[in-house]
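Let's take a walk through this protein together. Have a look at the fold, and then we'll go from one corner to the whole.

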Amino acid sequence: MTSPDTAPADDLLPEGLEDRLPREAAAATRAMRAILSAMDGHGYDRVRPPLIEFEKSLAGRMEGVHTRRMVRFTDPISLRTLALRSDMTVQVGRIAATRMAGAPRPLRLCYGGEVATIRSDHLDPARQRLQLGAELIGSDSVEAAVQIVLLALESLEAAGVANVSVDFTLPDLVDTLAEAAFPLDDDQVEAVRRELDTKDAGGLAQVPGGQAYLPLLYAAGPFDAAVERLAAIDARGALASRIKGLRSIAAAVGDRARLTLDPSERHGFEYQSWFGFTLYADGARGALGRGGTYSIKGSDEVATGFSLYMEPVLDALGGGGEELRPAVFLALGHDRAAAAALRAMGWRTLAAVGDDDDAAALGCTHRLEGGAAVPL
């Protein structure tokens with residue numbers, strides 16, 4: 001058998017892409033079904049947008065969606081530029097703004113499918129990922145945020161993920177403060193954002209007007225203490241409604257998850273508005289997913305939602321995949337009616353194609369004998 005290290009060059013996969021073998025694929029399928037079932041239980045209807053769309057459509061529905069991350073090519077029919085989706089959220093936004101524009105609001109939609117990027121980033125080496133998510137379209141209220149965070153937690157719990165952490169952020173924090181509380185002009189806003197992104201206190205202090213934003217670097221950590229520090233900074237009340245919203249969401253979560261706050265965090269929240277959150281769990285190499293509030297361009301409709309990515313979810317579940325379920329070996333000339341009855345009961349069967357088929361080597365745990373499944 002050829003190992004990956006000695007495989008011919010033509011058989012190697014591009015960087016950032018990998019095969020999922022049977023046990024890993026089975027674990028991903030089971031988790032995906034559990035997550036989508038949890039979403040369905042809360043009234044979220046599944047949509048299935050296409051893998052490929054016009055580049056302009058994918059880039060035009062959300063702020064902060066960059067076409068440079070998309071795999072693009074020319075459509076031989078229309079001669080327009082097409083792109084592989086890099087995020088299904090923008091497609092759900094398009095569906096809500098067009099095909100389902102007349103549907104009653106709030107509109108609840110969920111999805112699951114593959115996304116791809118032209119290159120990986122330093123935080124995630126994968127270029128293809130299985131993305132699942134839910135979007136509540138027509139509201140960005142605190143209650144909508146509460147429902148979405150709780151649904152994200154329930155979805156992960158349904159998949160078997162334990163010890164989840166939720167990190168809250170306020171994506172429009174600098175813009176809100178810069179309007180009046182800590183005034184900045186446009187150039188200063190970008191400079192302050194840049195230094196907050198890098199958590200550089202020295203650099204932030206050198207930016208004109210940046211001194212007032214220094215305490216934000218220290219208003220991070222376990223939620224209860226961090227939100228108190230944030231409230232103390234906001235003496236003029238510019239963030240009062242947002243802080244009240246954060247407290248309400250945290251109270252609804254209770255001890256269901258560990259809660260932290262990093263109010264100035266922006267990575268991964270390019271199109272979120274007043275509220276964002278990131279999901280983590282023990283054993284996962286990175287974030288399980290992200291969510292928050294946003295606006296759909298073109299319709300100017302507000303929404304709240306989240307996305308999960310199956311690879312880190314599988315890491316949190318153990319990473320090695322699940323054992324294949326028991327299987328019954330069916331010898332040549334077996335009783336087909338008895339085999340069908342076993343499958344109807346939930347058994348997995350594997351029928352021989354030759355006299356020399358080895359039941360144990362093929363992964364079977366039982367053999368069909370006398371119309372029943374008998375252990376090997």
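Before we start, a word on naming: helices and strands here are DSSP runs, at least four residues for a helix and at least two for a strand, and they are numbered from the N terminus. Keep in mind, too, that this is a predicted model.

With those labels in hand, find Pro263. This proline sits in the loop between β9 (258–261) and β10 (272–281). Is Pro263 buried or exposed? Its relative accessibility is 0%, and anything under 20% counts as buried, so Pro263 is buried. What does Pro263 touch, once its neighbours within four places in sequence are set aside? It is in contact with Phe168, Thr169, Leu170 and Leu173, with Leu216, Ala219 and Ala220, and with Leu230. Take that last partner: Leu230 is 33 residues away from Pro263 in sequence, yet the two C-alpha atoms are 8.1 Å apart in space.

Now follow the strands on either side of that loop. Both β9 and β10 belong to an open sheet of nine strands with mixed pairing, and reading across it you meet β1-β5-β6-β12-β11-β10-β7-β9-β8. At the edges are β1 (45–46) and β8 (221–222), each of which pairs on one side only. In general, strands of a sheet pair through backbone hydrogen bonds, either parallel or antiparallel. For an antiparallel example, look at β6 (residues 128–137) and β12 (residues 301–309), which are joined over seven bridges. Within this pair, Ala134 stands opposite Phe306 of β12.

What about the cysteines? A disulfide is a covalent bond between the sulfur atoms of two cysteines. How many disulfides does a search of the whole structure find? The count is zero. Two cysteines to look up are Cys110, buried with a relative accessible area of 2%, and Cys364, also buried, at 6% relative accessibility.

Finally, zoom out. The protein has 11 helices and 16 strands, and its C-alpha trace spans about 80 × 55 × 50 Å along the principal axes. Of its 376 residues, 44% are buried. Among contacts with a separation of 6 or more, 66% link residues 24 or more positions apart. The accessible surface comes to about 19000 Å², with 51% of it belonging to carbon and sulfur atoms. As for charge, there are 39 positive and 53 negative side chains, and the centres of the two sets lie 4 Å apart.

Definitions and conventions. Residues numbered from 1 in each chain as written. Predicted model: local features only at pLDDT ≥ 70, side-chain atom pairs only at ≥ 80, totals over all residues. Heavy atoms only, no water. Pairing = 2+ DSSP bridges. Disulfide = S-S within 2.5 Å. Buried < 20%, exposed > 50% of the residue type's maximum accessible area, 1.4 Å probe, protein only. Contact = heavy atoms within 4.5 Å. Areas by Shrake-Rupley, 256 points an atom, 1.4 Å probe, with all protein chains shown as cover. Lys, Arg positive; Asp, Glu negative; His and termini not counted. Charge placed at Lys NZ, Arg CZ, Asp CG, Glu CD.
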